[in-house]
Amino acid sequence: MIGTSGGTLPNRGCQTKQNQARRRNAVFCVPSRIILNERGTSFFTAHDRPLHRFETADGERQFGFHLERAGYSWLKELILNSYLKKIEVQVKDAAASRSHLEDVVKLVFFSMFRHRINTSILGYIYDSPMIRAWNRGNPKKSIGPGLKIPEGPLVNLLNSRIPGGLEELKAELYHEVVRTLPAGHQDDSMDKRHFIAEVVSRINPLILFVLAGSGGADKFMLMQNISRGILEFIHRLDIVNLAALLTIELVSAAERSALVRMLEDAENVTGILEDPGRRKSVMEEKRFRGSTVVAAIPADIPQENRRLRFRISVYNDGADADAERKLMEDFTVRHFTFKDGLDLEEFFKTPRSRRENSVYEDSGLCFNYLNTLRDQCRKHKILMDAAIKNSHSGKSVVTSLWFGF
């Protein structure tokens, strides 16, 4: 899921190359609905790409793609270009879809991190000596917050000013970030290095423009500040893994609960569920529709100190039927507060006999991941909330995780 553009950054052995190629070429093989925002709809319509029309529970029309498989690189491009409103992933068998669920959650988190890194770095890029000098000399082409700068001409200008040196500049920045990794992080995980390489390879061209135009102490200070901006998110990568694990456990627990309800009159329910063959047979016989994971992308990327908020939700087996059903309740349109619905931790603490529904038969791991994730989010000053409530249709239960940073 995380990769670098070929040749941009230093190679680190054959195995690393193979891993990067696998990530670039990975295919998401789970039925999904890719919902575009207005910008994305306009882009694909202008390029004569046929779109599927969906309806929300409120009757609104939205457009996107209904796919049986999709490339991660393509999904990543949709997010990076701010074309994507949300991803709805249909999960009929949590065990078979585990790795794909983990990857889609990480895909959204890493994309949000990249957006935030770029906006935070631009904050002090706009105040750099090089930009101030540029604005004095080019008042009609001033660079600053709120001013849209086309990336194409900027990249062309960079290539003309430093022929063959743009990739070297990225490599220099990559080495600076890796060099400033804390001692305990230098060799412990290639994921951190992949993340750094990905951020650097897709960094805003304006940042490279300023680096290329700065010299001596100014360039050194900018490199230091950019490194700190990236490293701030390196320390948060454990949160990404925890969020993915919690999402998987929520899907698994909801799936198990639904199957238990379907088999309430059967003997040895535990034995049936623990046997992969019999479990699959029950799913087919009962026409089990599974669960749906929804990742809702922010409509806009906030500037300066405003928090970037997004949501990952799990709908249980009553929520998502087939491609002809309406979209589920759209939390990106209806504005709920962080505290809407029953707090998930309180739900887990409530004895099962007193719960309004039994969506989670076994919530031990869910409870553990939830509390560990909350502790990590508090440590890194990330807003995090988790709630459980009835869906808009009343036919299922929705568990949502909100993040703001």
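Contact, as used in these exercises, means heavy atoms within 4.5 Å. The structure is a predicted model, in which local features need pLDDT of at least 70 and side-chain atom pairs count only at pLDDT 80 or more, while totals for chains, interfaces and linings use all residues. Residues are numbered from 1 along each chain as its sequence is written, and side-chain values use heavy atoms, with hydrogens and water left out.

**Exercise 1.** Find which residues are in contact with Phe109, leaving aside its neighbours within four places in sequence, and place Phe109 in the nonpolar core.

*Solution.* Begin with the contacts: with those neighbours set aside, Phe109 touches Ile239, Val240, Ala243, Phe310, Ile312 and Phe403. Next, recall that a nonpolar core is a set of buried Ala, Val, Leu, Ile, Met, Phe, Trp, Tyr and Cys residues joined through side-chain atoms within 4.5 Å, where buried means under 20% relative accessible area, exposed over 50%, and partly exposed in between (1.4 Å probe, protein chains only). The largest such core holds 100 residues, and Phe109 and Ile230 are the ones with the most contacts inside it. Helix H4 (residues 94-125) contributes the most to this core, with 14 residues; helices (H or I, at least four residues) and strands (E, at least two) are DSSP runs, numbered from the N terminus. Finally, a second, separate core of nine residues includes Leu259, Val269, Leu273 and Phe288.

**Exercise 2.** Determine how strand S2 (residues 32-36) is enclosed, and name the bridge partners of Ile34 in S4 and in S6.

*Solution.* Start with burial: five of the five residues of S2 are buried, so the strand is largely enclosed by the rest of the structure. Then consider direction, since Ser32, Ile34 and Leu36 point one way from S2, whereas Arg33 and Ile35 point the other way. For pairing, two strands pair if DSSP finds at least two bridges between them. S2 pairs with strand S4 (residues 61-67) in the antiparallel sense over four bridges, and five bridges join S2, again antiparallel, to strand S6 (residues 84-91). The partner of Ile34 is Phe65 in S4 and Ile87 in S6.

**Exercise 3.** Locate Asp48 and Ser82, and state the phi and accessibility of each.

*Solution.* Asp48 lies in the loop between helix H2 (38-46) and strand S3 (52-55), has a positive phi near 55 degrees, and counts as exposed at 68% relative accessibility. Ser82 lies in the loop between helix H3 (72-80) and S6, has a positive phi near 60 degrees, and is partly exposed at 23% relative accessible area. Most residues other than glycine have a negative phi.
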